[in-house]
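Student: I should like to understand how the terms used for a structure follow from their definitions. May we work through one case together?

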Amino acid sequence: MIEHTAPRFSVTEALLLAKEHFGLDGHATALPSHLDQNFRLNTASGRFVLKLANTAAESGYVDLQQDVLAHLHQNGTVQHFPEVVRARNGVQKVIVEGRNGERHQLWALTWLEGRVLADVSPVFGSLIRDLGGFLGRLDQVLRGFEHELIHRDYVWDLRKAGRFAEYLEYIPDFERRELVRSILESFQSKILPRLDELPQSVIHHDANDHNIIVQGTGYDTKVLGLIDFGDILHTATVVELAVAATYVMMGKPDPVGVAAELIQGYHAARPLNESEISVLYGLVKARLCSSVLVSAYRGMLEPDNDYIRISEKGAWALLKHLCSEPSAMAEYRWRSACGMEPCPKGRHLVTWLKQNAHEFAPVLRPDLRKIDPIVLDLGVSSLIIGPPGRQPDPRRASEAWFRRIRREGAAIGIGRYNEPRIVYTAEHYRVPSNEFDETRTIHLGIDLFKPAGTPVYAPITGRVHSLSFSRDPMDFGGLAILEHSTGTSTFYTLYGHLSEHSVRELRPKQQILKGDRFAYLGEPEENGGWVPHLHFQVIADLLGNFGQYWGVAPASQREVWLSICPDPNLILGIPDRCFPVPVLPTKSIYARRKHCIGGNLSISYRTPLHIVRGYRQYLYDDTGRAFLDGVNNVPHVGHSHPRVNVAATRQMHVLNTNTRYLHHALVEYAERLGATMPDPLNVCYFVNSGSEANDLALRLAFAHTGCRDIVVLEGAYHGHLSSLIAISPYKFDGPGGTGAPPYVHQALVPDVYRGRFRGSDAGSRYAEVLQKKITSAPNGIAAFICESLLGCGGQIELPEGYLQAVYAHVRAAGGVCIADEVQVGFGRLGSDFWGFETQQATPDIVVLGKPMGNGHPLAGVVTTSEIAASFDNGMEFFSTFGGNPVSCMVGMAVLDVIESENLQENARKTGDFLKTSLQELKKSYPIIGDVRGRGLFLGVELVRDPETLEPADKEAAYTANRMRDLGVLVSTDGPLHNVLKIKPPLVFNEANAERLADTLNTVLQEDGARC
Ligand SMILES: Cc1ncc(COP(=O)(O)O)c(C=O)c1O
């Protein structure tokens, strides 16, 4: 059946033929090919493919390919395909003779510039959807194509897959052989007879990843065109998709998910009907069987050919995976991708349940239709899924739920259907997705909280389908599934967390009448460790499960699972009024934000995050997915730290007012802050943001010096007030900026990586240049302001001796020195509590912000009593909220936590570890130009060329976005936007650092991060 009579011309012979017949001269390279022989020709007039076909095999075969290409060009689409090059004598092909006198057809095609899909890594869902769309459009155009050979008897024709059964004997492994045999049998009996009923047309039939040409990189990779029309055939159109799906699924952790992307794209271009979707899974499996059978045959012919064994590995793995998944689930997911109701049985069941709503007996008593039960919020942002700020502990959490129910005096507490939850932390809740290990979070049932021993009643007559008992933590404990009938179809109700005794008493197939008491709620010891409750779920399709079923689904498959498991309230009848108004879904927040919030309030990442909870160094989105926070320095001691929260709420309950009254907290906090600073820095002012604090610092400087002129560093950012935009080159020299005002003087960034001075004396040389700036300022200077480690400037550590020298020059000129510690203060740098201490320099004014209140809006200025006296010139200083008792209590709690949890030392240790890991990566990736920073304030500068230091800004943006996709948050900064910024909460630990470095390692290997 398989022929191997490829022509055998040498590269030199091919080049001679190209010259003689097509006038093409240049350089030839042999290309891999199966039956034909192909050469790439690089010529002065472009690139071409020279093709030599075995005419003996199929004489009209070249004509067929040429005609289809002509058809595609005539029916002009935006898609690209190679063009046939005419020979010197005007014909499209010539006959040439091989060494042994055999005759071959010689023809040439233009070269499609781009990369093959096989070389793309990673292949994003967007690219797969694009491919689907491409194939859908292609199939639409191919519909009108006619040629006698499109109906030929072709070896890879899936309809003839049964013929490959003769190779079954070459599969040595018994189990594998039987697997393939059974798939082929089921294909012959169930799929094949349906194929003729489906839409038929000509298809390309071999959209494998070596035939698909793409252009662009990273997120912008798009399909450019398709090559090799040698497999073209008239058959069921959906086979096009099946063949392409087989290839895109290969090697993916969730192949069905990847195929869903392909199908979604295809359906948008050429709508599929339900029957086509229903045969797809069977077609893919049959195609895989064909390929492993052919490999087995070839393996028998060439037992030493390792390549065959290696190449069949992927097909076997995929086959095994597909056979382990219920085909119905694939169909539901693919229907969902096409915008169809995923599970049609689910839709019918919903209709039936609605029609019979008044027929059902209560599952627990009293009847939920007659009382108002309390509906608990157990979602991601719930206040009762754990003590504030603690990782959710389900047992403790569910005890809190119970307390709440008792407190409210409700007879029953309700846990909601379709609620994303983060309490499911046991290992068995993890599922592989294509990008990351997803945790199942979406609750598919309704929880009914009642004490252990509460009887459970059947709402509908049915039979026991299956029973099980598990002692695994966070599992169902005692589980019963009842089977019911709507009259025309079967459906199921599931009861989880029953007592062990209940499930031991029941018998499979036992009839249970409506209203029968058939089970009791279990104790925590027998219900998976939860507080007693019933998990009640309705199931339209058991998907082959017996005695087990998911009660919680992955968010990525939410719609599909909700369709399979409709809302149990269709049976329970809890009044709508008991449920809270649902919060805005992510898409709608995004759309509405555009209208009601200023457009230049930016959103991070190309796929924005909808964050609803923070815990230590983690952020959780609305579906319960956890992200490792490597970039937020405001939650300095960790997101939602309980000690800070308690300090804030306790004080909030008692008093919050302004500083015109005496309060101990203001004084205590000021004294504690002063004590962290060197003398003579001991007078504090409190405000609410870093910008306000910097503005105040400028006022202090103006008042003290009587001057207005300010010296700033290039690329610096000091806040969003008008006074600060004016001294922030990052803004006034950026988009929308209007340049430096006359009283602002910019000094060189003391950058030893890409700046003017790089040697060991760089600090003093940069300081000298700055001194010249100062002396040339005609009106004297009020202040020099700079961060103690430059943040927006690109995470730049100041060179040794820089601040000391600069401060001396500034003071000599009568100015004051302002240290902006908004980003780097409070122990972040590890070695020292304040950034300026790393330079053995003492400023005159210190500005504090971001981490000071761990998210509570608290900022401040600390200065000398001398400067404070100058400022105290008769004009009152007052900030309504600045220094209020709540803020001061919060500020003190932050200081307490830094101290008690040893966070400065952690910043040093973890920071050193992370920096070393990043420096290790630098050795493998030339794109990493520099790794710098201190403690947990690090920067990774990406460059396209280590010599010219051309900034890799696009690559940096790609890297930050990809790391976000993989669950790790970092961002980019620097005037050239090419520095990865790392500044996590100080509770970041070594495992987190390892994960961050590993993720960066993964991303830097991807196309989008390569220059
Ligand atoms: C160094 C520096 N100073 C001042 C500010 C302004 O602080 P805020 O945004 O709290 O007004 C920022 C904010 O990013 C900053 O990075």
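Student: What share of the 1011 residues in the protein is buried?

Tutor: This is a predicted model, and in it buried residues make up 55% of the 1011 residues. A residue earns that word when its relative accessible area is under 20%.

Student: What supplies the area that the protein exposes?

Tutor: The protein exposes about 42,400 Å², and 50% of this comes from carbon and sulfur atoms. Along its principal axes, the C-alpha trace spans about 100 × 90 × 50 Å, and the chain contains 27 helices and 42 strands.

Student: What makes the contact of G690 with the ligand a polar contact?

Tutor: A polar backbone atom of G690 is 2.8 Å from an oxygen atom of the ligand. The cut-off for a pair of N or O atoms is 3.5 Å, and 2.8 Å lies within it, so the pair qualifies.

Student: How do you know that Q823 and K850 also make polar contacts with the ligand?

Tutor: The same cut-off of 3.5 Å applies. For Q823, a polar side-chain atom lies 2.7 Å from a ligand oxygen atom. For K850, an N or O atom of the side chain is 2.8 Å from an oxygen atom of the ligand. Both values fall within the limit, and both pairs therefore count. As for cover, the ligand has 390 Å² of accessible area on its own, and the protein covers 85% of it.

Student: Which residues come nearest to the ligand, and which helix gives the most to its shell?

Tutor: Of the 13 residues around the ligand, G690, S691, D820, Q823 and K850 come nearest. Helix α18, residues 690-705, gives the most to the shell, with 3 residues. By class, the shell holds 8 polar, 3 charged and 2 nonpolar residues.

Student: Why are β26 and β40 said to stand at the edges of their sheet?

Tutor: The sheet is open, with 4 strands in the order β26-β27-β28-β40 and mixed pairing. β26 (611-615) and β40 (968-969) each have a single partner strand, so one side of each is left without a neighbour in the sheet.

Student: How do you know that β26 and β27 are paired?

Tutor: Pairing requires at least two bridges. Because 4 bridges join β26 to β27 (residues 618-621), the requirement is met. These two strands run antiparallel. As one example of a bridge, I611 has D621 of β27 as its partner.

Student: What does the figure of 74% describe?

Tutor: Among contacts between residues at least 6 apart in sequence, 74% join residues at least 24 apart.

Definitions and conventions: Residues are numbered from 1 along each chain as its sequence is written. This is a predicted model: local features need pLDDT of at least 70, side-chain atom pairs count only at pLDDT 80 or more; totals for chains, interfaces and linings use all residues. Side-chain values use heavy atoms; hydrogens and water are left out. A residue is near a molecule or strand if one of its heavy atoms lies within 4 Å of it. A polar contact is a pair of N or O atoms within 3.5 Å; within protein, one must be able to donate a hydrogen and the other to accept it, and residues adjacent in sequence count only if both atoms are side-chain atoms. Accessible areas come from the Shrake-Rupley method with a 1.4 Å probe; for residues, only the protein chains shown count as cover. Ala, Val, Leu, Ile, Met, Phe, Trp, Tyr, Cys and Pro count as nonpolar, Asp, Glu, Lys and Arg as charged, and the others, Gly among them, as polar. Buried means under 20% relative accessible area, exposed over 50%, partly exposed in between (1.4 Å probe, protein chains only). Contact means heavy atoms within 4.5 Å.
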